[in-house]
Every structure is written in C-alpha cells, then in structure tokens.
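Hi,

Here is the structure I promised to pass on. Please have a look at it first, and then read my notes below.

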Amino acid sequence: MKLGSTALLASLGISASKYIPLQDEPNFTAPLIWNGTRKFKRMAFTYDDCYLLNKMQDLEALLNEFPDFKVTFFPVGIKLLDLEQQDPGIWKRLVDKGHEIGYHTFDHVNLGVMSPATALMDYDKWYGALTQVLEAEHKVRFIRPPYDVISYTLDVLCQERGLVSALFSIGGGGEPDVVVRAIQEGKGGDIVQMHIRTQDYNSSVLAYPWLKANNWELVTLSKLYDDYLREQVNSDGCDVNAGVSLTRTCVEIIPAAARPV
C-alpha cells in the first residue's frame with residue numbers, strides 16, 4: 001500500500017513512531033522514542049512515579065507560574081488513587097491545565113518480569129484508576145517502563161494497547177546544579193526524565209526561569225511526538241511510500257554506546 005504524505009500522516013495516528021532497533025532486543029517492534037525532532041526549541045519534561053503529594057502540589061504551583069509550560073506525568077496507579085484521596089481533584093486540575101498523563105504500571109513493577117497477560121491486566125487496572133480520578137476517559141499515548149527496561153512484554157503491551165514507549169535523552173536525579181547544566185546544554189527535542197522528589201523539584205525551580213528567559217518551550221510528549229511525525233513524513237531520506245509498516249515511518253539507528261543510560 002502506498003500513501004502520500006498527508007494520507008500517511010492521517011493513517012499513522014498515535015501508532016506512528018520514531019523506531020530505534022535495539023541490539024539487545026532485536027525483536028522489539030513497537031514504537032519507541034528517546035527524543036523528538038531537533039528542529040524546534042522545545043523540550044518535554046516528564047515526571048515519574050508521583051509518590052509525594054507535597055512535591056506534586058509544589059510542582060503544580062510552579063507550573064502555574066509558567067502557564068505556557070506543559071509537562072507529562074507518569075504516575076503509578078496506587079498514587080493516582082492515594083493523591084486523589086488526599087487532594088481531591090489534583091489530577092483533573094493538571095489535565096485541565098493542559099498537562100498529560102502516561103502509564104507507569106500500577107505499583108512500579110518491572111514489566112520485564114511480567115507475562116504479557118499480566119501486564120495487560122496491570123495496564124487496565126491502572127487505566128481504571130485514571131478514569132476514576134478524572135471521572136472521564138483520558139487518551140493515553142505513552143508508557144514509561146519502570147527502571148527503563150525494554151522487554152518482550154513491553155513490546156506486546158504497546159502493540160495491544162496502542163502505546164508508545166518513551167525513554168529520555170536527559171536524565172534528572174542528580175544534584176540540581178548538575179541537572180540544570182545538562183538541560184542548559186540540551187538540544188531541541190530532548191526528553192527530560194524527572195521524578196516527583198525534592199531533588200528534581202529543586203532542579204525544576206532552577207531550570208524553568210532559565211528556559212523561559214532563553215525562549216525555550218516546554219511541551220507534552222504528544223506535542224513533541226507529533227512534531228516528529230510531521231518531520232518524518234516530510235523529511236528528505238524517508239521513504240514515506242515504502243508501505244512496509246504503518247508503525248515505522250523512518251529508521252534511525254543509534255549505537256548502543258551512544259544511547260542514554
């Protein structure tokens with residue numbers, strides 16, 4: 001089947017991706033991204049786990065000071081329910097302000113030790129918790145696998161539930177001055193992994209004003225991903241008429257030694 005650029009983009013929908021063959025997982029065929037297009041001065045900040053209510057509230061207040069900045073949260077399911085009980089409406093507030101929510105398992109179990117059937121049940125349980133706290137369906141496009149483990153089960157889960165695995169090109173978790181320096185040296189399209197904890201919140205407090213002053217945009221993973229898809233459909237060297245797979249528009253091979261750790 002051959003499609004023109006416009007038709008291909010429409011057909012790809014949420015399933016299209018930047019696909020990176022992994023030498024240690026040669027059979028991983030689901031969508032997987034480390035970063036978005038480098039053409040725009042945009043980054044995607046992501047926040048994993050979401051265990052601490054006070055830091056979630058602090059981050060919400062910080063984001064309110066930068067209303068143009070949008071981020072993606074990867075909460076575990078138990079904290080979707082727990083934080084909602086402690087601060088009713090917290091998740092709805094974040095979604096209503098344009099932030100995004102992705103899957104991070106129900107209780108932070110390594111998907112690599114789950115069977116595909118168990119992982120599918122875990123996702124459905126997590127999604128039930130999300131629907132409960134939002135009191136509405138929410139389109140989930142991305143998964144951040146706990147411990148950043150790529151596995152056969154992750155592959156199956158992504159294909160069965162239409163998810164894109166989102167890794168990262170800049171990792172938080174260090175001393176704030178080190179993390180902020182890495183962000184300042186970052187490139188357009190970087191995905192920044194943070195967690196909801198004091199250290200990463202302090203990094204955000206330092207990074208946000210610098211990003212704003214230097215005309216950076218913070219966008220959701222969906223925005224970063226959609227920018228990438230548009231680039232791939234129209235970029236030189238991409239065979240948009242290959243018709244091999246609607247989940248692989250182009251292939252970028254990154255040597256294992258060059259990947260983030």
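How do the axes of helix H5 and helix H6 cross, and within what distance do they come? Before the reply, please keep in mind that this is a predicted model. The axes of H5 (residues 116-134) and H6 (residues 152-161) come within 9 Å, and they cross at roughly 50°. That angle makes H5 oblique to H6, and the crossing is right-handed. On the H5 side, the contact is made by Pro116, Ala119, Leu120, Tyr123 and Asp124. H6 brings Tyr152, Thr153, Val156, Leu157, Glu160 and Arg161 to the contact. Sorted by class, the residues where H5 meets H6 are seven nonpolar, one polar and three charged.

Staying with H6, its buried residues are Thr153, Leu154, Asp155, Val156, Leu157 and Cys158. They pack against H5, but also against strand S6 (142-143) and S7. After H6 comes glycine 162, with a positive phi near 65°.

Strand S7 covers residues 164-166 and holds serine 165. Is serine 165 buried or exposed? Its relative accessibility is 0%, so serine 165 counts as buried. Beyond residues up to four places away in sequence, serine 165 touches Phe28, Pro31, Leu32, Ile33, Ile143, Leu154 and Cys158. Two of these names, Leu154 and Cys158, also appear among the buried residues of H6.

Now to the nonpolar cores. The largest one has 57 residues, and those with the most contacts inside it are Phe45, Phe73, Trp91, Trp126, Ile183 and Tyr208. Its largest share, nine residues, comes from H5. For tryptophan 126, I looked at the contacts outside its neighbours within four places in sequence: they are Pro75, Val76, Gly77, Leu80, Ile101, Gly102, Tyr103, His104, Thr105, Phe106 and Val140. There is also a second, separate core of 14 residues, which includes Ala44, Val164, Ile191 and Leu224.

Another tryptophan you may want to look at is tryptophan 210, in helix H8 (residues 198-213). With a relative accessibility of 24%, tryptophan 210 counts as partly exposed. Which residues does tryptophan 210 touch, not counting those up to four places away in sequence? They are Ile183, Gln184 and Trp216. Ile183 is also one of the residues with the most contacts inside the largest core. The C-alpha atoms of tryptophan 210 and valine 180 are separated by 9.0 Å, with their positions 30 residues apart along the chain.

Finally, a word on backbone angles. Tyrosine 147 is not a glycine, yet its phi is positive, at about 65°. You will find tyrosine 147 in the loop between S6 and H6, and at 54% relative accessibility it counts as exposed. Asparagine 215, also a residue other than glycine, has a positive phi near 65°. Its place is the loop between H8 and strand S10 (217-218). With a relative accessible area of 61%, asparagine 215 is exposed.

I hope these notes help you find your way around. Do write back with any questions.

Best wishes

Conventions. Residues numbered from 1 in each chain as written. Predicted model: local features only at pLDDT ≥ 70, side-chain atom pairs only at ≥ 80, totals over all residues. Heavy atoms only, no water. Axes fitted to C-alpha atoms, helices over the stretch in contact; angles between N-to-C directions. Helix = DSSP H or I, 4+ residues; strand = E, 2+ residues; numbered from the N terminus. Parallel < 35°, antiparallel > 145°, perpendicular 65-115°, else oblique. Left-handed = near helix turned anticlockwise from the far one by under 90°. Contact = heavy atoms within 4.5 Å. Nonpolar A, V, L, I, M, F, W, Y, C, P; charged D, E, K, R; others polar. Buried < 20%, exposed > 50% of the residue type's maximum accessible area, 1.4 Å probe, protein only. Core = buried A, V, L, I, M, F, W, Y, C linked by side-chain atoms within 4.5 Å.
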